[in-house]
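Hi,

Here is the structure I promised to pass on. Have a look at it first, and then read on for what turned up when I went through it.

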Amino acid sequence: YQPCVSIRKPGQVKIRVGTLPISDFRYLLPNITDRMAYVLGMAYSRVQKASRNEYEDETRWTVNQLEAALQDIAEDEESDYGASAGALIWRLNSTIQVGEERVFDNNQQTRLTDLLRPGNCTVMQLNQVDPREQQVIVASLMRRIYQARLKTERGDADENDDYYLPYPVFVLIEEAHNYAPANANAVSTGVLKQVLSEGRKFGVGVGLISQRPGKLDSDVLSQCNT
């Protein structure tokens, strides 16, 4: 037996921005007010609707289209959300970067079957990524893995589907207190709670590694058998 190990650095795994839920955007953009969150939701709904009308797939939109939707809101003379929309555009440009060396991409998305194969260990090296971005990456991948196993087990995904994953998966999360911290609102915590409590019956196992288990979210820690 010889293990097959693949080490992936930022840029070697792609997450299409159009697949991120609105909660991930709210989490990524720093210091947004309730008013800004409302305006962001307006713009997000517009690009989702336009994408469904054009592609019948709500994930086929880009950061530039979201920025354009915010710009339309900022320039609307009948709206008083101009300042909030302008502040969101600045945050969007300074926070969510797309490109060859970045995880987030406007068009590309790495298939799960390219990352996860029987007998293969894929290591994602995220130490050079911003902590909030790390949490969104982990949340996005864990969400996709869970949904893929769920759909495959139920027969709702075939070999041509991005959510086709015909074998069980075991995920190890190093420095787990960074992704499910106690007394902190991290976007990855809720996803991990769901996967830890419901994922095993669909073949998704999770191991949490931490030198400080006391800093883990209590609900997450309670799901660990060992």
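Let me start with a salt bridge: the side chains of D24 and R143 meet, with 3.4 Å from N to O. This pair ties together distant parts of the chain, since D24 belongs to helix 1 (residues 22-28) and R143 to helix 6 (residues 131-154), 119 residues apart. D24 has 0% relative accessibility, so it counts as buried. Do keep in mind that this is a predicted model.

Helix 6 turns up again in the next one. E133, in helix 6, pairs with R102, which sits in the loop between helix 4 (82-95) and strand 3 (104-105). The closest N and O atoms of this salt bridge are 3.2 Å apart, and the two residues are 31 apart along the chain. What about burial here? E133 counts as buried because its relative accessibility is 7%, under the 20% cut-off. R102 is partly exposed, at 30%.

There is also a salt bridge inside helix 6. R149 and E153 meet at 3.0 Å, N to O, and they lie four residues apart, about one turn of the helix. R149 is buried, with a relative accessible area of 5%, while E153 is partly exposed at 49%. The count for the structure comes to eight salt bridges, and a network of them links K193, D217 and D219.

Now the aromatics. Searching the whole structure gives five aromatic pairs. In one of them, the ring centres of Y44 and W61 are 5.6 Å apart and the planes stand at 90°, so this pair is edge-to-face. Y44 is in helix 2 (residues 34-55) and W61 is in the loop between helix 2 and helix 3 (63-75), with their positions 17 residues apart in the chain. Are these two buried or exposed? Both are buried. Ring pairs also bring in F25, which forms a cluster with Y44 and W61.

On the surface, V5, I7 and V123 make a nonpolar patch of about 250 Å². V5 is in strand 1 (residues 4-8).

One more spot to look at is E175, in the loop between strand 5 (169-173) and helix 7 (187-198). E175 is partly exposed, with a relative accessible area of 34%. Its C-alpha atom is 9.8 Å from that of L216, and the two residues are 41 apart along the chain.

As for the overall picture, the protein chain has eight helices and six strands, and along the sequence they follow the pattern β-β-α-α-α-α-β-α-β-α-β-α-β-α. The C-alpha atoms fill a box of roughly 65 × 40 × 30 Å along the principal axes. The radius of gyration is 19 Å, which agrees with the value near 17 Å for a compact globule of 226 residues. Buried residues make up 46% of those 226. Of the contacts between residues at least 6 apart in sequence, 74% join residues at least 24 apart. The accessible surface is about 12600 Å², and carbon and sulfur atoms account for 45% of that.

That's everything I have for now. Over to you!

Cheers

Definitions and conventions:
Residues numbered from 1 in each chain as written. Predicted model: local features only at pLDDT ≥ 70, side-chain atom pairs only at ≥ 80, totals over all residues. Heavy atoms only, no water. Patch = residues over 30% accessible without salt bridge, like charges linked within 9 Å, V, L, I, M, F, W, Y side chains within 5 Å. Areas by Shrake-Rupley, 256 points an atom, 1.4 Å probe, with all protein chains shown as cover. Salt bridge = Lys/Arg side-chain N within 4 Å of Asp/Glu carboxyl O. Buried < 20%, exposed > 50% of the residue type's maximum accessible area, 1.4 Å probe, protein only. Rg over C-alpha atoms; globule rule 2.2 N^0.38 Å. Contact = heavy atoms within 4.5 Å. Phe/Tyr/Trp six-rings, centres within 6.5 Å; stacked < 30°, edge-to-face > 60°.
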